[in-house]
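Biologist: I am new to this structure. Please pick one place on the chain, look at it closely, and then work outward from there to the rest.

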Amino acid sequence: ALAQKVGIPRSSIYQLLEVLEATGFVIHFEDEARWGLGVSAFELGSAYLRHDPLERVARPILTKLSRSAEKLVDAVAQVGVLHGAETLYLLKELPSHAVSVVTEVGVRLPAHLTASGRALLAKNSSAQLKAIYGSKALVNRTGFGPRNIRELSTLLHTEDQQGYAYEEGHITVGYASIAVAAKNHLQIPTAALALTFRQEH
């Protein structure tokens with residue numbers, strides 16, 4: 001379809017898509033034989049984000065989530081996506097009360113340490129995890145969180161079974177986050193909805 005619309009050979013389209021995939025602008029869903037926009041497209045600027053379907057769908061849900069959470073805790077509601085081994089935050093909703101904001105829109109954090117990242121990683125196969133992380137030691141920020149792929153795999157299995165991911169102090173000591181994965185119409189996890197809040201001791 002792209003080749004016909006653009007008027008160039010199919011081989012050229014595939015070459016262009018391979019480059020776009022390598023730079024994160026498109027994603028290839030091999031099982032569905034489909035292509036979709038990648039994370040780099042989200043980073044082109046706020047003008048793109050304002051018109052993106054993900055924001056239009058997620059914004060009202062994020063607002064409702066933030067307002068509901070206020071009954072229990074002052075939390076920042078966020079939408080994050082995976083970009084390789086990192087979580088990229090696309091949207092946030094602040095509570096009506098003043099809170100310290102831990103993560104800004106556009107910030108990238110190690111996916112294995114964030115609840116948002118792990119909620120999405122939990123839907124990946126062991127082969128996909130190995131492709132993302134290899135066998136190297138994992139980055140650690142605060143002394144908490146999985147230290148290697150074996151610990152991460154065990155944690156992801158548990159979080160996949162329970163239906164949500166949770167972290168305490170893995171990113172910032174004194175803060176915790178809880179997140180769930182959201183799927184698109186093809187049942188592919190595309191983003192995570194999360195709440196980040198100060199830990200009470």
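Modeller: I178 has a relative accessibility of 30%, so this residue counts as partly exposed, because that class runs between the 20% limit for buried and the 50% limit for exposed. The model is a predicted one. The residue belongs to strand 7, which covers residues 175-183. Together with Y164 and V180, I178 makes a nonpolar patch of about 210 Å² on the surface.

From the strand we can go on to the pockets. Strand 7 is one of the elements that give two or more residues to the lining of the largest pocket. That pocket holds about 1,600 Å³ of space. Its lining counts 45 residues, and those closest to the pocket centre are I27, F29, I188, P189 and T190. Besides strand 7, the elements that supply two or more lining residues are strand 1 (26-29), strand 2 (34-37), helix 3 (39-42), helix 5 (53-69), strand 3 (75-83), helix 7 (126-133) and strand 8 (189-198). Sorted by class, the lining has 25 nonpolar residues, 12 polar ones and eight charged ones. Rolling a probe the size of a water molecule over the atoms shows where empty space is left.

The second largest pocket has a volume of about 150 Å³. Its lining is made of A1, L2, A3, R10, I13, Y14, L17 and W35. Two elements give two or more residues to this lining, helix 1 (2-6) and helix 2 (10-22). Helix 2 contributes the most, with four residues. By class, seven of the lining residues are nonpolar, none is polar and one is charged.

Helix 2 also holds L20. With a relative accessible area of 34%, L20 is partly exposed. L20 and S40 are 20 residues apart along the sequence, and their C-alpha atoms are 9.3 Å apart in space.

Strand 8, listed above for the largest pocket, contains T196. This residue is buried, at a relative accessible area of 9%, because buried means under 20%. T196 and V73 are separated by 123 residues in sequence, while 9.6 Å lies between their C-alpha atoms.

Next come the charged pairs. The structure holds six salt bridges. One of them joins E93 to R59, with 3.2 Å between the closest N and O atoms. E93 is in strand 4 (residues 86-93) and R59 is in helix 5, so this bridge ties together parts that are 34 residues apart in sequence. The two partners fall in separate accessibility classes: E93 counts as buried at 14%, whereas R59 is partly exposed at 27%. R59 and E93 also belong to a network of salt bridges that includes R67.

Strand 4 takes part in another bridge, in which the side chains of E86 and R108 meet at 3.2 Å, N to O. This pair links distant parts of the chain, since E86 is in strand 4 and R108 is in strand 5 (residues 108-110), 22 residues apart. Here E86 is partly exposed, with a relative accessible area of 30%, and R108 is partly exposed with a relative accessible area of 30%.

A further salt bridge is formed by E159 and R118, whose closest N and O atoms are 2.9 Å apart. Distant parts of the chain are linked again: E159 is in helix 8 (residues 149-162) and R118 is in helix 6 (residues 115-121), 41 residues apart. Both E159 and R118 are buried.

Helix 8 is also the place of L152. L152 is buried, with a relative accessible area of 0%. Between the C-alpha atoms of L152 and L121 there is a separation of 9.5 Å, although the two residues are 31 residues apart along the chain.

To return to the starting point: I178 is a partly exposed residue in strand 7. It shares a nonpolar surface patch with Y164 and V180, and its strand gives residues to the lining of the largest pocket.

Technical notes: Residues are numbered from 1 along each chain as its sequence is written. This is a predicted model: local features need pLDDT of at least 70, side-chain atom pairs count only at pLDDT 80 or more; totals for chains, interfaces and linings use all residues. Side-chain values use heavy atoms; hydrogens and water are left out. Patches are made of residues with over 30% relative accessible area and no salt bridge: like charges are joined within 9 Å, nonpolar side chains (Val, Leu, Ile, Met, Phe, Trp, Tyr) within 5 Å. Accessible areas come from the Shrake-Rupley method with a 1.4 Å probe; for residues, only the protein chains shown count as cover. A salt bridge is a side-chain nitrogen of Lys or Arg within 4 Å of a carboxyl oxygen of Asp or Glu. Buried means under 20% relative accessible area, exposed over 50%, partly exposed in between (1.4 Å probe, protein chains only). On a 1 Å grid over the protein atoms alone, a cavity is a set of points where a 1.4 Å probe fits but cannot get out, and a pocket is an open set with protein on both sides within 12 Å along at least five of seven lines; lining residues have an atom within 4 Å of a point. Grid points are joined across faces, edges and corners, and a volume is the space filled by probe spheres set on the points. Ala, Val, Leu, Ile, Met, Phe, Trp, Tyr, Cys and Pro count as nonpolar, Asp, Glu, Lys and Arg as charged, and the others, Gly among them, as polar.
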